[in-house]
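Q: Please take a close look at one part of this model and describe it for someone who has not seen it before. Keep to what can be read from the structure.

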Amino acid sequence: MMSGKPRPHGATAQVESTAGRRARAARHARPRPLVLANVFGSNLLALLAGALFLVPGMAAAVAVSGTLGLPESLGDATPVPDQYWEVRNGILATLPDHLDPRRELLVVLRGAEGSENNGCDYGLRGGDLMPRTMVVEAGSTLRITNNDATPHELHVDNLDGFTALSTAPGMARSERIPAGGPYDVEDKLYPHIQGSIVAVTGLVACGHLDAHGAYQFSDVAAGTYQLEVYRAGEVVAHQEVELAAGADVTLPELSVAPSQAE
Amino acid sequence: MFSRFWYFVLAALTGIAMAAVLLAHVSLERRTGRVLDGDLRRDRTEVELSLRTEARQRLDSILPIAVNADIRSGLHAATERRDRSTIEATVRGALNRKLVELNGQLRDGHADLLFAVDGEGEIISQLGGTAPQAGAGLGAFPLVRRALLGYAGDDTWIYQEKVYRMAAMPVIDGGRYVGAIVHGMEMGQPFAEMLGRGLPGVTLAFYRDASILAVHVGTFEGAESADVHNNALTRQDLTTGLASALSDPALTESGHTSPLAAGDAGRGIYSRVIGSAGRAGVGYIVARPKETLLSPVDSLLAAPTADVGALPWPLIAGAPMVLFLLGLLFFSLERERPFRRLKAQVEAVADGSRDRLNVPDHRGHFRKLSESMNRAFDSVMTKAGGAAQTRKPADLEEILGDTKSESPQSYFGFASSNDSADVPAVPPAAPRPPARPAPPMAAPAMPARAKPRPAPPAPAAPPRPAPAAPPRPAPAMAAPAPAPAMAAPAPAPAPAPAIAAPPREPAAAEPPTMMASMPNFEEEEDDDEGATMIAAVPEELLARSLDQGPADLEQQEFRKVYDAFIETKRRCNEPTAGLSFEKFRGTLEKNRDQIVSKHGAKRVSFSVYVKNGKAALKATPHRN
């Protein structure tokens, strides 16, 4: 159980470098339609589009991928609810409870302070937060979409205004998150829902993680970043990434340490 | 005294009875409360067991759904699909139809909310509730997560704003877990009634936060609906108790409270339900109405006829009646009879048959009252004409009447006698001016025949108020001769001068007696009205009397008194014809006997004096 008080997270404050300033200038000069690049599925097309329709001389966006070296177990198994009965099915052996990396981990890229934020998608899915750790740019708005079929009532005790309001299915909860954190977020209706909100500076993008620990960032401007892996509101792995324009990057495996509880 | 004691006894008994009734009421109420609390604890245990049993029964009941071939194949197909974003409509439709069919077969255990989820926890089919949006799932709910790992269990959810008791069973197909069946039964009115059916007299309610979701009022077998309605706890009662229960730390720490007040009408135990929703503020209440103990009066009014008939009525009616009669007796002895006695004397004073009240006849307050009334009489008489006198001895004039008329009904009595009430009223005397009467003539004392007893000196009776008739001329009153002549010239035995007693308080209107010159006299201590003074008999007179018999002496005394009386009457120019010695003696004897018997005097002396210009006789009892 995480405490309700902000804890220092593992992210190191970044001093804006010359490269960083260049990258930021390039991002500011570049137009928004990165979607176009995704639609065509090619960085070349994006570069061409940028070259043809936008400001000449802009740095090209790249894709970053990699794999997390996951430990045998990510931590405590799903808590068994208070119940009268829990019996084995008697037909087939029960399975060990492996936590889902998609729900437990979050991979982000952080640049210099003021880096453009691509935004991260957070939500409630399957009856829990996806992912459980949510990193936001300090002072920005956190948006959590309810993808479940039942309302949720998320709240953060030590965050003014983040009270237990009902969020209907398909709707989103938006709250401005000040610097600090992590903040423990809970659901009043479902005590098994427990997450963390971390407010940082220089947040650039959130990676998409699959069930095997493979992650991917798309449409990242060239530059130097910190790749950080969060779990339960803390940085459990990080590395510096230097992205060159025009070339996708596959990062070496980044090992995620087991939780302290283990 | 008896009535006071009786009042005290009655008051004490009443107080003790009231205290006993109130203490019994409080004790019974406390005992009833303890019994009620014990019942509530047992009720809560019963509810827990019922919930446990119900959960197990539901796990067993959904097993046929989980092993149904169509369900298994449908979930298998859903789990195996490559594109997680879509699912074939045929698969979903087939699952829906099968779920409806199988759920209908569960009868009482049918689900209000039924899910079929694939291996990822995504909802493939759903009965009840709001249709889920595409891709919605339940895989992260611990119950479903555990079911997908192979466990069957139960939980309590708040789902789509309703509270459900949930149960989940894994679905196995092809040697692997392909999904789960999740069964929910709403914790609403039907569920409360189903659980409360086995708890007679218990009010079972479900709540979420401060809201009551459902209430079932248990009834006793054979209980009338009116009784149930009157004794049932209302939602308001339960809500009132819930507000205090939610602030009770015991609810969070141990999952339930101690028995608490449920409004004013009952008590209840507030518990969290087992499951996730229990930590989200969902719970249940077992409550019972308090047995209302009626007040003693209401108990009497509401007592059933059979109970009233079973009471020991002879004792209940007899004991108070005996106490009542005793109270009446004591009251009569202490109040009624003394009052009647006082009333008779007051009436006697009022009609003139006596002058004053006889104080020794009364006790306690009546005695003080009679004394006060006597003083009042004196005061009134004094103000009326200065004729108020201390009580005078009996006046034979009043008894014998006017010698002219030779009243045949002459009688004798003392106005100062304690038994004066027994003496017929003396006819009103002739009007007399309040002139100073002549001093009485001394007369020898009459030896007493009866055994003497201490005779109290009776207070002097005040003279009657003088009527308006013109007073007689009282030449004899002014003439001092007769009286001394009656006492002095008597040659012989003459003990009378030594024993004549003056009134205690000589008044101006009272004639002087020889007692005034005799220092050696004594006064009767008991006689409050002591106007009659008892003088000691000089030794020489007693010695001289030894030579003669008592009868002879008495006759001599009577003769002397008679002679003095005749002489005085003559001097007062009153007729004496017809007043023979025999008749005079008979009257004296009769009067003497009365005085002796009523005063316990040894002897009685008679003296003659002039009163209002007429000859009069004064009788004085002597103790010695």
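A: The model is predicted. One part of chain A is an open sheet of 4 strands, which follow one another in the order β5-β4-β7-β10. The pairing in this sheet is mixed. Its edge strands are β5, residues 128-130 of chain A, and β10, residues 172-176 of chain A, each of which pairs on one side only. On average, and with direction ignored, neighbouring strands of the sheet are turned by 25° against each other.

The end of the sheet at β10 can be followed residue by residue. Strand β7 of chain A, which covers residues 141-146, pairs with β10(A) over 5 bridges, in the antiparallel sense. Within this pairing, A:Thr141 has A:Arg176 in β10(A) as its bridge partner.

From the sheet, the description moves to the contact of chain A with chain B. Chain A brings 41 residues to this contact, and chain B brings 45 residues. The two chains bury about 3700 Å² between them, with 57% of that area on carbon and sulfur atoms. Of the area that chain A buries against chain B, 22% is supplied by A:Tyr84, A:Trp85 and A:Ala149, more than by any other three residues.

Charged and polar pairs also cross the interface. There are 3 salt bridges between chain A and chain B. One of them joins A:Lys188 to B:Asp209, where the closest N and O atoms are 3.7 Å apart. Residue pairs in polar contact across the interface number 23, counting pairs with both residues at pLDDT 80 or more.

On the side of chain A that touches chain B, the elements that give two or more residues are β2 (86-88) and α4 (101-104) of chain A. The largest share comes from β2(A), with 3 residues. By class, this side of chain A is made up of 17 nonpolar, 13 polar and 11 charged residues.

Strand β2(A) also takes part in strand pairing between the chains. Its partner is strand β3 of chain B, residues 151-159, and the two pair in the antiparallel sense over 3 bridges. In this pairing A:Arg88 stands opposite B:Tyr151, a residue of β3(B). Strand β2(A) thus appears in two roles: it gives 3 residues to the side of chain A that touches chain B, and it pairs with β3(B).

Definitions and conventions. Residues are numbered from 1 along each chain as its sequence is written. Chains are lettered from A and ligands numbered from 1 in the order in which they are written. This is a predicted model: local features need pLDDT of at least 70, side-chain atom pairs count only at pLDDT 80 or more; totals for chains, interfaces and linings use all residues. Side-chain values use heavy atoms; hydrogens and water are left out. Two strands pair if DSSP finds at least two bridges between them. Axes are lines fitted to C-alpha atoms, for helices over the stretch in contact, and angles run from 0 to 180 degrees between N-to-C directions. Contact means heavy atoms within 4.5 Å. Buried area is the accessible area (1.4 Å probe) that two parts lose on being put together, summed over both. A salt bridge is a side-chain nitrogen of Lys or Arg within 4 Å of a carboxyl oxygen of Asp or Glu. A polar contact is a pair of N or O atoms within 3.5 Å; within protein, one must be able to donate a hydrogen and the other to accept it, and residues adjacent in sequence count only if both atoms are side-chain atoms. Ala, Val, Leu, Ile, Met, Phe, Trp, Tyr, Cys and Pro count as nonpolar, Asp, Glu, Lys and Arg as charged, and the others, Gly among them, as polar.
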